Amino acid sequence: MSRSEAMDEILQKYKAIWALNHSSALLSWDLETYMPEGGARPRGEAHAQLALLRQKFMIDLRGPIERSEEAKDLNDFEKGVLRVLRRELHYFTKVPPRLIEELQRITTEATVVWRDARKKSSFSTFKPYLEKIVDLKRQEADKLGYQRHPYNALADMYEEGITIDDLDGIFSTLVPNLKRILAKVEREGRFPTRDSLESKKYNVEAMKRVNDKLIEILGMPEKRFRMDVSTHPFTDTIAQDDVRITTRYEGRDFRATMFSVIHEAGHAIYELQVDGGLSYTPLAGGVSSGVHESQSRFWENVLGRSAAFASLVLPILKRNLPFLSRYSSEKIYRYFNMVRPSLIRVDADELTYNFHIALRYDIEKKLIGGELSVSDLPALWNDTMQDYLGVRPKKDSEGVLQDIHWSGGSFGYFPCYSLGNVIAGIVWHSIKKEMSLKDAIKRRDFERVKSWLKEKVHKWGSTYAPKDLQMRAFGDAYNPERLVSYLEDKFLG
Ligand code: MG
C-alpha cells in the first residue's frame, strides 16, 4: 500500500471519530444549557460509551498510522495529521485501561466531595481524595514517559511540548516584573481598587441586548454561531460551521457578563477561522489550550479592555443601562481596568491574574514531583498568596479549595491560562507593527484584526505544534517579556 493510500485510509476512518466528537460536543453543550436535571445519569453513560468507542476507533488507526509514518516526503498537512493522531494513540497505548478507569471513577467521586468540602471550607474532607488523585496522576505520568520531571508528561497533554524548563523561565520573569508593576500602580493609585458599579444591579433583558450588540460589532457570523446561557461560560465547537458560546447573568456588575462574551467570542473566532479544507480531519480545531486562551485573552483584554473599546461601547451601554448616563468613557475605561489583589482567581484583574497561576503551577509541580505532601498544601498556599499579593485566605474555601481543576485530575492545565496571556502579549507586540489597534477599534474594523489573526494563527488549525506555530507566525514563542511590555504600556504608560 502506498503512503497516500494509507493516508487516505486514515482520513476516511477518521470521519467516524469526527462524528463521535461532533456528537459528544453537542451532548456537552446540551448538558450545560437545556438538559433537564434528570438527564444527568443517562448523559454520563452516553458520554462514557462514546469515549470507549472513540478509543476503539483510535486504536484501529494504528496500522495505517504506522504505514504512513514510514514515508519520507510527507507534506505539512500529513505530518500534522500523524503528529496529532500519534499523540492521542500514545495515551491509549501507554496508559492501561485499569488506570484510566480508576482515574475516571475517583475524579467523578472527588468532584462531588470537593463541592461539599468547598461549601464547608473543609480541606480535611477533600484531602484523602486529592492524595489519591496525585498518586494516580504520578502513575499516569510514569506510564506516559517523560524527560527530567513527571510534570512534563502531564503539562504536555494540554500544551504540546511545554516543559517545566519553559514554565520556570516564564514564571521567574513574570513574578518579579508583575510585583514591580503592581507596586507602582498601587503606590501611585493609577487605577481604582473599588467602584460602586461593582454592586450595581442591572436589568438582565437590557444586558442581553448589550451582549447581542457586542456579538454584532465583533462580526460573529449569524449562520455559523450562537450564544446561550449556562452556569459557567464556555465555547463549544460542534463543527467548523457550528460554533457556540455561552455566558451568564449574575444580575450585578455588568462587566462580568460583557467580558465573558468577548472572551468566549475570541475562542469562537479562532475555531470559525480554521481553514475549511481541514474540516472532518484531526487538524480541524485549535492547537492547544495555551494558544486557544491567547485568542480569548487578546479579544477580552488587549482589545476589549482598551480605552478605544470603552469609547466604542459606552453609547450602547448607556442606551441599555440608565445608571451609566453620567459616566464618561474615561471613567468606564478605568472601571474595566480596576486593579485589586484578591483571593479568588476567577475574579482577578489583568495585572494580578498571573500570580494566581504561578502559585498553582508551583504547587502542582511539587506535588507531582513528590516534593510536597498534600497536608502541607494549605500552608504553602496561604504563605505564597501573602508573598505575591499581600492577601491571606481566612478559610480554605477562599484558598486551596476554590478551583474545580484538581478534583477532576486536571494537573498541568493551570499554566495554560498564563501561557494564554503570554502568547496574547506576543500577538499584541506583533500586530501593532502592522496596524493601529486603536484605529481599527475606532472604525469598528474588526475584520482587519480577524484576517490578520487568521493568516498568522487560525487558518492552520492544529497543523503545527504550538511552539512551531508561534515561531512561524511571530518568530518568537512563549516569550514572557512581551506580556510584561504590554502591561507596562497599559498600566504604567
Ligand atoms: Mg477561556
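**Helix packing and a three-stranded sheet in the predicted model**

Helices α11 and α16 are oblique to each other. In this predicted model, helix α11 spans residues 289-303 and packs against α16 at an angle of about 60 degrees, with the two axes 7 Å apart. That angle is neither under 35 degrees nor within 65 to 115 degrees nor over 145 degrees, and the pair is therefore classed as oblique. The crossing of α11 past α16 is right-handed. On the α11 side, the residues that meet α16 are S289, G290, V291, E293, S294, Q295, R297, F298, N301 and V302. Their counterparts in α16 are C416, Y417, L419, G420, N421, I423, A424, V427, W428 and I431.

One of these α16 residues, N421, was examined further. Helix α16 covers residues 415-431, and N421 is placed in it. The relative accessibility of N421 is 8%, and on this basis the residue counts as buried. Apart from neighbours within four places in sequence, N421 is in contact with R297, N301, Y353, N354 and L483. Among these, R297 and N301 belong to the α11 residues that meet α16. With N354, the contact includes a polar one: the side chains of N421 and N354 are joined at 3.0 Å.

The loop that lies between α15 (377-389) and α16 contains K394. In contrast to the buried N421, K394 counts as exposed, at 80% relative accessibility. The C-alpha atoms of K394 and N382 are 8.8 Å apart in space, and the two residues are separated by twelve residues in sequence.

A second helix pair is formed by α5 (residues 97-120) and α6 (residues 123-144), whose axes come within 9 Å and cross at roughly 155 degrees. An angle over 145 degrees counts as roughly antiparallel, and α5 and α6 are therefore roughly antiparallel to each other. Their crossing is left-handed, whereas that of α11 and α16 is right-handed. From α5, the contact is made by R98, L99, E102, L103, I106, T107, E109, A110, V113, W114 and A117. From α6, the residues involved are T125, F126, Y129, K132, I133, L136, K137, Q139, E140 and K143. The loop between α5 and α6 holds S121. This residue is not a glycine, yet its phi is positive, near 50 degrees. S121 is partly exposed, with a relative accessible area of 22%.

The model also contains an open sheet of three strands, in the order β1-β3-β2 and with mixed pairing. Strands β1 (225-229) and β2 (235-239) stand at the edges; each has a single partner strand, so one side of each is left without a neighbour in the sheet. From one strand to the next, the twist averages 25 degrees. Strands of a sheet pair through backbone hydrogen bonds, in either the parallel or the antiparallel sense. The pairing of β1 with β3 is parallel and extends over five bridges. By contrast, β2 pairs with β3 (residues 242-247) in the antiparallel sense, over four bridges. Strands β2 and β3 form a hairpin, with two residues between them. Within β3, R244 is the bridge partner of R226 and also of D236, while V243 is the bridge partner of T237.

Two helices pack on this sheet. Helix α9 (residues 204-217) touches β1 and β3, and its direction makes about 160 degrees with that of β1. Helix α10 (residues 255-272) touches β1, β2 and β3, and its direction makes about 165 degrees with that of β3. Five of the six residues of β3 are buried, so this strand is largely enclosed by the rest of the structure.

The loop between β3 and α10 contains D253. As with S121, the phi of D253 is positive although the residue is not a glycine; the value is about 55 degrees. D253 is buried, with a relative accessible area of 13%, whereas S121 is partly exposed.

Key
Residues numbered from 1 in each chain as written. Predicted model: local features only at pLDDT ≥ 70, side-chain atom pairs only at ≥ 80, totals over all residues. Heavy atoms only, no water. Pairing = 2+ DSSP bridges. Axes fitted to C-alpha atoms, helices over the stretch in contact; angles between N-to-C directions. Contact = heavy atoms within 4.5 Å. Buried < 20%, exposed > 50% of the residue type's maximum accessible area, 1.4 Å probe, protein only. Polar contact = N/O pair within 3.5 Å; in protein donor to acceptor, adjacent residues only side chain to side chain. Left-handed = near helix turned anticlockwise from the far one by under 90°.
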